[in-house]
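Trainee: I would like to go through this model step by step. Can we begin with the fold and then move to single residues?

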Amino acid sequence: MVRFAINLKSLLFVSAFLRVILILFGEWQDAHMEVRYTDVDYLVFSDAASFMASGKSPYDRSTYRYSPLIAFLLIPNSIIHQSWGKYLFSASDLLVGFLIHKILKLRNVPEKFCINSVVIWLFNPFTFTIGTRGNCEPVICVMVLWVILSLMKG
C-alpha cells in the first residue's frame, strides 16, 4: 500500500497549480466565450491602476470606489501582464491558507486538523474562483489574519 504524505507545502503547490490553470482558462474563456470569467470589478481595478501608472488618480475611473491601494497593487497589469492582479490575488489566497495553518499551530491544534482546515480553504470552489476571477477579497483576508497572528504573538 502506498501512502501519500499530505503536508502544507504539497497542499500549497497543488493549490497554486490549480489557480494558475483557472487563470489561464479564464483568459481563454474571456477571449472565446460570451460569458466572461473575469470579475467586472477587475476591469475597474485595472483601469484605475492604469490611471495611477500614468500619474493620475484612480478615482478618474468614474466607477472606482475602492482603496487606492488596490489600484496601486495592480499597476503591473499595465506593465507586465493584464492578469498580474489575478496572480497576486491568488497568491494572497495561498497566503491565507498558510496563515490559517500558522494560527492553528500557535493554538496547539493537532496537525491533522490544521491540514484539514487548510484543505477546506484552499480547495473550496467558492474560495479559489474568487481570486482567479480577479476579486480582491483574498487580500483583505490576508490583512485580517495577519492582524490576528500579530495579536497572538503579542
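Trainee: How many helices and how many strands does the protein have?
Mentor: This is a predicted model. From the N terminus on, its elements run α-α-α-α-α-α-α-α. The secondary structure comes to eight helices and zero strands.

Trainee: What share of the residues is buried?
Mentor: Buried means under 20% relative accessible area. The protein has 154 residues. The buried share is 40%.

Trainee: What are the spans of the C-alpha trace, and what part of the accessible surface belongs to carbon and sulfur atoms?
Mentor: Along its principal axes the trace spans about 55 × 40 × 25 Å. The accessible surface comes to about 9300 Å². Carbon and sulfur atoms hold 68% of that surface.

Trainee: Among contacts with a separation of 6 or more, what percentage joins residues 24 or more positions apart?
Mentor: Contact means heavy atoms within 4.5 Å. For residues 24 or more positions apart, the percentage is 64%.

Trainee: Which helix gives the most residues to the largest nonpolar core?
Mentor: This core has 17 residues, and Ile-100, Val-118, Leu-122 and Leu-145 touch the most other members. Helices H1 (8–32), H5 (84–106), H6 (111–122) and H8 (137–153) each supply at least two of its residues. With six residues, the top contributor is H5.

Trainee: Which residues does Ile-100 contact, leaving aside neighbours within four places in sequence?
Mentor: Ile-100 is one of the core members that touch the most others. Val-118 and Leu-145 share that role, and both are also on the contact list of Ile-100. The full list is Ser-117, Val-118, Trp-121 and Leu-145.

Trainee: How many residues are in the other core that lies apart from this one?
Mentor: Its members include Val-44, Ala-49, Ala-71 and Phe-89. The residue count of this core is 14.

Trainee: Is Asp-93 buried or exposed?
Mentor: Asp-93 is found in helix H5. Its relative accessible area is 1%. The cut-off for burial is under 20%, so Asp-93 is buried.

Trainee: Which side chains make polar contacts with the side chain of Asp-93?
Mentor: Leaving aside neighbours within four places, Asp-93 is in contact with Arg-19, Trp-121, Leu-122, Thr-127, Phe-128 and Pro-138. A polar contact of 2.6 Å joins its side chain to that of Arg-19. Another, at 2.9 Å, goes to the side chain of Trp-121. The partners are Arg-19 and Trp-121.

Trainee: Why is the ring pair of Phe-45 and Tyr-66 classed as edge-to-face?
Mentor: A pair of aromatic rings is described by the distance of the centres and the angle of the planes. For Phe-45 and Tyr-66, the centres are 4.8 Å apart and the planes lie at 80°. Planes over 60 degrees apart count as edge-to-face. The pair is therefore edge-to-face.

Trainee: How many residues apart in sequence are the parts that this pair ties together?
Mentor: Phe-45 is buried at 1% relative accessibility, and Tyr-66 is buried at 18%. Phe-45 lies in helix H2 (residues 40–53), while Tyr-66 sits in the loop between H2 and helix H3 (68–73). The separation in sequence is 21 residues.

Trainee: Which residues form the cluster linked by ring pairs?
Mentor: The count of aromatic pairs comes to seven. Lys-86 lies over the face of one cluster member, Tyr-42, at 5.3 Å from the ring centre. The cluster is Tyr-42, Phe-45, Tyr-59, Tyr-64, Tyr-66 and Phe-89.

Trainee: Which residues does Gly-134 touch, not counting those up to four places away in sequence?
Mentor: Gly-134 has its place in the loop between helix H7 (125–132) and H8. It is buried, with a relative accessible area of 0%. Its contacts are Asp-39, Tyr-42, Phe-45, Lys-86 and Phe-89.

Trainee: Is Asn-108 buried or exposed?
Mentor: Asn-108 lies in the loop between H5 and H6. Its phi is near 60°, a positive value in a residue other than glycine. Its relative accessibility is 70%, so Asn-108 counts as exposed.

Conventions: Residues numbered from 1 in each chain as written. Heavy atoms only, no water. Core = buried A, V, L, I, M, F, W, Y, C linked by side-chain atoms within 4.5 Å. Buried < 20%, exposed > 50% of the residue type's maximum accessible area, 1.4 Å probe, protein only. Helix = DSSP H or I, 4+ residues; strand = E, 2+ residues; numbered from the N terminus. Phe/Tyr/Trp six-rings, centres within 6.5 Å; stacked < 30°, edge-to-face > 60°. Lys NZ or Arg CZ within 6 Å of the ring centre and 35° of its normal. Areas by Shrake-Rupley, 256 points an atom, 1.4 Å probe, with all protein chains shown as cover. Polar contact = N/O pair within 3.5 Å; in protein donor to acceptor, adjacent residues only side chain to side chain.
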